[in-house]
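Here's a quick tour of one strand and its partners, followed by a look at some aromatic rings. Have the structure open as you read.

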Amino acid sequence: MVLVLLLIAAASPPSSSTVYIMRHCARSTYLPDLYGGQRPAYLANYSDGGDLPDWGVAPTLCTARGRRIIQGQGRSLRGEILGRMGPAPGRLKVTYDAGSTRDNTTAEDLLAGLGLPSIARVGDAAVFDPPWCPQLTAAAKERAVRARLKAVPRPARYEGRLAALQALLGRGVAPPLQSIPDVVAGGAVGWLGGSFVASSWIEAMLLQFGAGLPMAYGRVAPPQLYEMLELHVYYRAIADRGLSIERRGESNLLAHVLRDLASGAGGASPQGGGASLYVGHDTNLDGLSALLGLGWPRLIKSTTSGIEV
């Protein structure tokens, strides 16, 4: 997904500054797949399908097909982005999370698809996770998650849909998803339990789809995946979109975005227009949407290159 923020400057002649914000490529999963204290910590424990297929790359890195999708995305956006860069060459400012190899790879591949030199990218981990900003205390994070549980309606037939997902996966050595209690926590994962495992499995299916691998051992087809996405979106809305969580995590990124919009994106005057691109994570998109009150329609379809949102 690419979030586009546009500011029309009050200047003569009219001009615009544009900021593109995107998550990284389709990657491989973490190893172990589950973190934050969830036990068992491997997705395969919640299915009878055995180990997940080999991704072809080390954990958390861009898969080969994921890289091709990003390059294709660059080719698709070339006309628009070059049009936003203004008359001067090299006006696209690209910033990626330097703490993440997959973000560097994504920035490089997108620039290759755009036909721009890779030297245009700059790594800056602090933009996406400012080390000078104190982490929330466990109690503060728990309050944020509990507030989201009160504010966000649970999807219809929630337990039944968890059971349907478990039926597709088959019974593993772990208890069924719908029987694992959800627990508010103050650690790296703010909401542990069956909902977390279900969300993680659905995300793994999305990544398998992006990598061109069979989803859930070949048991899930794209229409079924789309139906399950509401469970994943709901989990993220609870665990990752608490206002105090996002103030801490995304305020610095938002400050950079607003500065780019006000200064012509590439750092020059708005009279020349300009564009900038930030390559981060889905947590950054979640955070900015929470801080700015943004939303987007659920327009998801299968394409020859993967999933288009």
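## Strand β3 and its cover

Strand β3, residues 92-96, is mostly covered in this predicted model. Of its 5 residues, 4 are buried.

## Who sits beside β3

Strand β3 pairs with two strands, β7 and β4. With β7 (residues 274-280) it runs parallel, and 5 bridges hook the two up. If you want a spot to look at, find K93, which stands opposite S276 in β7.

Then there's β4, residues 121-123: 3 bridges link β3 and β4, again in the parallel sense. Here T95 stands opposite V122 of β4. Helix α2 (residues 101-114) joins in as well, making a right-handed β-α-β unit with β3 and β4.

## The aromatic rings

Now for the rings. The structure holds 8 aromatic pairs. One of them is W191 with Y234, an edge-to-face pair with 6.1 Å from centre to centre and 75 degrees between the planes. That pair ties together distant parts of the chain: W191 belongs to strand β6 (residues 191-192), Y234 to helix α7 (residues 222-239), and 43 residues separate them.

Are these two rings' residues buried or exposed? W191 is buried, at a relative accessible area of 3%. Y234 counts as buried too, because its relative accessibility is 6% and the cut-off for buried is under 20%.

W191 and Y234 also have company: along with Y30, Y35, Y158, F196 and Y235, they form one aromatic cluster.

Conventions. Residues numbered from 1 in each chain as written. Predicted model: local features only at pLDDT ≥ 70, side-chain atom pairs only at ≥ 80, totals over all residues. Heavy atoms only, no water. Phe/Tyr/Trp six-rings, centres within 6.5 Å; stacked < 30°, edge-to-face > 60°. Buried < 20%, exposed > 50% of the residue type's maximum accessible area, 1.4 Å probe, protein only. Pairing = 2+ DSSP bridges. Right-handed = clockwise from strand over helix to strand, strands pointing away.
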